Amino acid sequence: MAKSKSVALRLFEIYKKNGFMLSSELEPEYMKTDKFVFTRLYIGHMNQTYHLGIAMREIAFLESLSSLADFKNIFIIGNSFGFSTLALALMNPQAKVVAIEIGMEPFTEKWIEATNIIAQAEGLNVKVVQGSSPDNNAEIIERELGGSIDFAFVDGLHTNEAVQKDFDSLRPFGHERTIYGFHDVLAHKMVEGLSAAVGRNPIPTQIFFATPSGIALASAAFPEGFDVFCDLYGSNSLTQAILQKGVAAVVPAA
Ligand SMILES: C[S@@+](CC[C@H](N)C(=O)[O-])C[C@H]1O[C@@H](n2cnc3c(N)ncnc32)[C@H](O)[C@@H]1O
């Protein structure tokens, strides 16, 4: 059987083919800065990026999650230059991937059409729509996804207020097995907003400490195999013990 290329390789290949270079997950210890952990877009060596893409470990995170589920309808808040949009489409060839992007500045506005053109050339079922979350979510989800979401990836405005409004706007379109993902919950200190949103209509929620931005996932029914996924991405009792007790939890006394 022919081997298939990883999503990570295919993503880098797609951007390169279209004249762009990417940098991602350059190790802070060696680079002497943590500015290059998330994904940036370049033409030659010139940085073009206005809003960063998710990190490569988060691409692997989404790929592992996708391998456990059968997402048909995926909704993304925040497209920037299409990195997570194209990634989720590559990981879920059976799905339709719809992203809402406000496009407040020329970079993100230009990438609404650019992402759609690249996706079409790659045969990916993607549609990026210009709009503002939460106000336009309902009409776009109704029109483009028939009013139902299997996976939502929230990565738009990073405030405690916005994350609550985004989540509230999506829940009417979810079902028992819908998974809601939230990027940057730890990095942008949005635990409070997410907890408030989750608390109003309780749903099991986990935060993943082995993702650079501190991604959270919420679902009434996580898929089979989710326990090992939680071990892999740092959301289990061992991670809690390490957090609470530091190295004492894992390094035996000399
Ligand atoms: C961090 S970037 C998204 C990165 C993208 N998910 C990726 O990894 O490729 C955040 C994006 O959300 C968009 N955005 C911010 N507020 C928004 C809103 N209220 N509605 C829709 N998009 C919004 C920004 O323009 C920006 O492109």
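This report describes the sheets, the helix packing and a few single residues of a predicted model.

## The seven-stranded sheet

In this predicted model, 7 strands form an open sheet in the order 6-5-4-7-8-10-9, and the pairing within this sheet is mixed. Strand 6 (126-130) and strand 9 (205-208) stand at the edges, and each has a single partner strand, so one side of each is left without a neighbour in the sheet. Averaged over the sheet, and with direction ignored, neighbouring strands are turned by 15° against each other.

Two pairings illustrate the mixed character of this sheet. Strand 7 (residues 151-154) and strand 8 run parallel and are joined by 4 bridges, and one of the residue pairs places Ala 152 with its bridge partner Tyr 180 in strand 8. Strand 9 and strand 10 (residues 215-218), by contrast, run antiparallel, and 4 bridges join them; here Phe 208 stands opposite Ile 215 in strand 10.

## The two faces of strand 8, and a helix on the sheet

In a regular strand the side chains alternate between the two faces of the sheet. Strand 8 (residues 179-182) is covered on both faces, with Ile 179 and Gly 181 buried on one side and Tyr 180 and Phe 182 buried on the other. Tyr 180, the bridge partner of Ala 152, is thus one of the buried residues of this strand.

Helix 7 (residues 160-170) packs on the sheet, where it touches strand 4 (73-77), strand 7 and strand 8, and the direction of helix 7 makes about 165° with that of strand 7.

## The three-stranded sheet

A further open sheet has 3 strands in the order 1-2-3, with antiparallel pairing. Its edges are strand 1 (21-23) and strand 3 (46-47), each of which has a single partner strand, so that one side of each is left without a neighbour in the sheet. Strand 2 and strand 3 run antiparallel and are joined by 2 bridges, and Ile 43 has Met 46 in strand 3 as its bridge partner.

## Helix 4 and its two packing partners

Two packed helices are described by the angle between their axes and the distance between the axes. For helix 1 (residues 7-17) and helix 4 (residues 83-91), the axes come within 10 Å and cross at roughly 130°, which makes helix 1 oblique to helix 4. The crossing of this pair is right-handed. Val 7, Arg 10, Leu 11 and Ile 14 of helix 1 meet Leu 86, Ala 87, Leu 90 and Met 91 of helix 4, and by class this contact has 7 nonpolar, no polar and 1 charged residues.

Helix 4 also packs with helix 5 (residues 106-121), at an angle of about 25° and with the axes 10 Å apart; these two helices are therefore roughly parallel to each other. Helix 4 passes helix 5 in a right-handed crossing. In this contact, Thr 85, Leu 86 and Ala 89 of helix 4 meet Thr 115, Ile 118 and Ala 119 of helix 5, giving 4 nonpolar, 2 polar and no charged residues. Leu 86 takes part in the contact with helix 1 and also in the contact with helix 5.

## Helix 7 and helix 8

Helix 7, which packs on the seven-stranded sheet, also has a helical partner: its axis and that of helix 8 (residues 191-200) come within 7 Å and cross at roughly 30°. Helix 7 and helix 8 are therefore roughly parallel to each other, and their crossing is right-handed.

From helix 7, Asn 160, Glu 161, Val 163, Gln 164, Phe 167 and Asp 168 meet Glu 192, Gly 193, Leu 194, Ala 196 and Ala 197 in helix 8. Sorted by class, the contact has 5 nonpolar, 3 polar and 3 charged residues.

## Two single residues

Lys 35 lies in the loop between helix 2 (28-31) and strand 2 (40-43). Lys 35 is exposed, with 12 other C-beta atoms within 10 Å. Between the C-alpha atoms of Lys 35 and Lys 165, which are 130 residues apart along the chain, the separation is 29 Å.

Leu 68 belongs to helix 3 (residues 56-68) and is partly exposed, with 15 other C-beta atoms within 10 Å. Although Leu 68 and Gly 225 are 157 residues apart in sequence, they are 6.8 Å apart in space, C-alpha to C-alpha. Leaving aside residues up to four places away in sequence, Leu 68 touches Pro 223, Glu 224, Gly 225, Phe 226 and Phe 229.

How values were computed. Residues are numbered from 1 along each chain as its sequence is written. This is a predicted model: local features need pLDDT of at least 70, side-chain atom pairs count only at pLDDT 80 or more; totals for chains, interfaces and linings use all residues. Axes are lines fitted to C-alpha atoms, for helices over the stretch in contact, and angles run from 0 to 180 degrees between N-to-C directions. Angles under 35 degrees count as roughly parallel, over 145 as roughly antiparallel, 65 to 115 as roughly perpendicular and the rest as oblique. A crossing is left-handed if the near helix is turned anticlockwise from the far one by less than a right angle, and right-handed if clockwise. Two residues are in contact if their C-beta atoms, placed from the backbone, lie within 7 Å. Ala, Val, Leu, Ile, Met, Phe, Trp, Tyr, Cys and Pro count as nonpolar, Asp, Glu, Lys and Arg as charged, and the others, Gly among them, as polar. A residue is buried if 20 or more other C-beta atoms lie within 10 Å of its own, exposed if 12 or fewer, and partly exposed in between; C-beta atoms are placed from the backbone. Two strands pair if DSSP finds at least two bridges between them.
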